[in-house]
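Work through the exercises below with the sequence and model at hand. Each task is followed by a stepwise solution.

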Amino acid sequence: MRDIANDLLDAAQVAGAQYVDCRVVERTTQSVTIKNGRVNNVSQFEDAGVGVRVIVDGAWGFAGTQRADGPGLEAAARLAVRIAKASARTAIAPVRLAPAPAVTAQYVTPVRIDPFSVSLDRKIELLLAADAAMDVAGVTTRQGSLGAVRHHQLFASSEGSRIEQTIVETGGGLDATATGDGEVQSRSFPNSFGRQQLTAGWEVIEEMDLAGNGRRIADEAVALLSADLCPQGRMTLILDATQAALQVHESCGHPTELDRVLGFEAAYAGTSFLMPDMLGKFRYGSEAVTISADATSPRGLGTFAYDDEGVAAQRTLLIDQGLFTGYLTSRETAARFDEPSGGTVRAESWNRLPLIRMTNINLEPGVSSVEEMIATTERGVYLETNRSWSIDDRRLNFQFGTQIGWEIRDGRRVKLVRNPLYSGSTPEFWNSCDAVAGPSEWHMYGVINCGKGQPGQVMHVGHGAAPCRFRNVAVRPA
Amino acid sequence: VTEALRSHDELLAMAEDILRRAPGGAEAEVTVTETATALTRFANGGIHQSVADRSLRLRLRLVCDGRSGVAEIQTTADEAAQRLVDTAESIRSRSPEGDPVHPIHPDGGPDSEIGYSPVTEAVTPEQRADAVAAVCIAADAAGQQAFGTYETTATSMAMMSTLGLSRAARHSVGELIAVCRGDDGSAYGARHAVDASSIDVAGLASEVTERCARNQGATAVDPGTYEVVLSPYAVAEMLEYLGLVGLGGLAVLEHRSFMRFGERLMSEAVTITDDVTRSELAPLPFDGEGATTKPVTIIDRGICAAVVHDSVTAARSGVPTTGHSFPQPNSEGPLPRYLCLASGESDPASMIAACARGLLVTRFWYVRPVHPLQTIITGMTRDGTFLIENGRVARPVRDLRFTQSIVDALCDIRALGSQRLASRGYFGACLAPWVHLGHFTFSS
């Protein structure tokens, strides 16, 4: 890897690059899925290549290649330089990078059991046991999946950095779907979107107890078919930690991406309502709300030692007791404010340009508990597990649906309700938050489908979250 | 600017080499895909990102003794073919016995390349920069700033199997997307073409700057149910979601689809097809199993006619595959790739003139299913939403959230445009006209 990187850096500088960095990447992904008691697919994907990024005449150029031989690397370097020169003709202002020290380092995700060392037999046996647990009358589709990722990368720059990292991810999950009488109801465990995934080893799967939760979600899916519709009106809303995590992702993670604020994503992902003159002044949420970007959080999908610009992992407060205090930044965007980079730049793969991405955007734990929140709620709903999500391009107007809900009356869950939706405006919503559960109910969750950038990049990001309560929220059935 | 994509013969030779290494007695299916992508992004009136990459992907599916294994490698390394075979066989041999999906026999379909242009593959970084500059200059002249992308993609794909399958095809797409922003509002437009040189850059710049000039100083309008005049960009988004939630064979088999065959669920004006013969959609002639993709009439004058199939759902449904498979095995099932809504005889000006009070919508954004079986989706309007009063566009309005059943909306068609626009879809492309709907619900 080092020889490839050195050759590429040399070739780019010979071609005229004033700055160059590259990532030499080897990535292996394994997937096991079962459906309705049968193995659906067992597959392995190996991906290898090199991405080279240059600055020439103040403009960026990027090229990706799978050819690791001398002529291949030289061609990629020349192409990146040519692209940068073409871009420079229509660039607005020269790119300036915030300083970052040259680093030589190695990092490997702490793993107790390598997920690739666990036999397929064991994986299939575990999924089939969970599938059998979901096999109850009324459930029409049962699915289970296990996934493992090993991402081995060398980052090298013309400033002297050489950083080798191996990130290991392990995940798994179940879905039970029941159909009948004009309804389709699904329940997932531990999270929606197919599976819960973390930077850790097979121990994550052993802790999940998939089989032990299969029966519960299957029963819930069937019960939802005949449940009453979610009540309608403005009421108290309590979210489970998984839905709180997605709420943080959409309404805090994305709007604090500084490239969105600067218009880089205006034609696609959108912009942000959080403008720089609001920093340190804007009351984003109540005092119960503190949200950090923490690339050092154990097990998060945004956990690493250095980002894809060679900047060290950091913890930054985005929202401090309700006050808007920080952005997710890159070397380029931070330089515009004469600040150091926050170290949040990542690329999906070798052939994609590194962009500002969420690391682990964590809702810090409070002091309450779900039981206490419910016990002190006169009228409201408790909602679990995302089913639908949508938010406008400035990240203000949102509507979420969850798989399941319970109506709360006089401090008790009184009945199951189906098809719940809630909607609101981001600052109004977070300012209505009056309780966040404590550390014992705070968990790290993985989002494996975060899309951004063109060409599109799907990133794996983390969210530590705990159940939380909001007052006077618009709730209704779908 | 870079080497051309490998020829069909080269890709088929690579596939044949992999097949030759496959263990004896196994059914083997090989897919070799090479893709070249180049994309220039612009923001605030200038280029800020520009990239190019090329990737070669090899996929092998082995089936033998009731066991199946799949391996994929994205590399040009010399040892890739053998490693692919070894990995697939290792997985296959360690998988439990079951009832795996088998590769299909060749169906004799043609490998026509109606969706490919070598011009698109050859577009240079300088040509992309020139097109972007033209949009930026037009925006600047209108007192606006331009944002967007100019992307070219060319893909070459070959499939071969031990059952005699051997086919290859290419397709290409050029796409220019422009968003212009003024002091207090923005507008969107896009063009999609097999031959990137046919994209009318000046025409797109004119469309978007004119729309942006009209979309300044938007004021709020109350949520509620309105007549709507939807641009093809918005209609395409709606069609794509209809396809996702209900137009695949697996959705029907799993009782997740709204389709009730033989029943009229929409206006007689609605005919929806999946049409692989439309060259402007840059179609590939076969699917992820190597089956020939066939044109399918899905909604015939409002009546539910058919859904798309792969070999698995086709067998379970007792019909032939329509050639809409993702690579097998998969849990998603087949989905439409080239959805087309039939045109009518109207045009946007006539639709607006016929609307007493309604909303003119340029684009939907962040659309997600809320209740798939009832085809209820939610999303936002974006980059150009206008109030129509007494047959004319009265003023721009702030973006609204809609929550609406697609089938219900398509029951109340007032008019369809005579011209259709091609745009990118989730798995292929989409062809849609302007549409005037009698009601559409905006929830906040």
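**Exercise 1.** State what area chain A exposes and what share of it carbon and sulfur atoms supply.

Solution. Step 1: accessible areas are computed by the Shrake-Rupley method with a 1.4 Å probe, and for residues only the protein chains shown count as cover. Step 2: chain A exposes about 15600 Å². Step 3: carbon and sulfur atoms supply 49% of that area.

The model is predicted: local features need pLDDT of at least 70, side-chain atom pairs count only at pLDDT 80 or more, and totals for chains, interfaces and linings use all residues. Residues are numbered from 1 along each chain as its sequence is written, chains are lettered from A and ligands numbered from 1 in the order written, and side-chain values use heavy atoms, without hydrogens and water.

**Exercise 2.** Compare the radius of gyration of chain A with the globule rule.

Solution. Step 1: the radius is taken over C-alpha atoms, and the rule is 2.2 Å times the number of residues to the power 0.38. Step 2: for 478 residues a compact globule would have a radius near 23 Å, and chain A, with 23 Å, agrees. Step 3: the C-alpha trace spans about 70 × 55 × 35 Å along its principal axes.

**Exercise 3.** Describe the setting of strand E7 (residues 224-230) of chain B.

Solution. Step 1: strands are DSSP runs (E, at least two residues), numbered from the N terminus. Step 2: 5 of the 7 residues of E7(B) are buried (under 20% relative accessible area, 1.4 Å probe, protein chains only), so the strand is largely enclosed by the rest of the structure. Step 3: strands pair if DSSP finds at least two bridges between them; 6 bridges join E7(B) to antiparallel E17(B) (residues 429-442), and 4 join E7(B) to parallel E12(B) (residues 357-371). Step 4: B:Leu230 has B:Val435 as its bridge partner in E17(B) and stands opposite B:Val361 in E12(B).

Note on methods
Buried means under 20% relative accessible area, exposed over 50%, partly exposed in between (1.4 Å probe, protein chains only).
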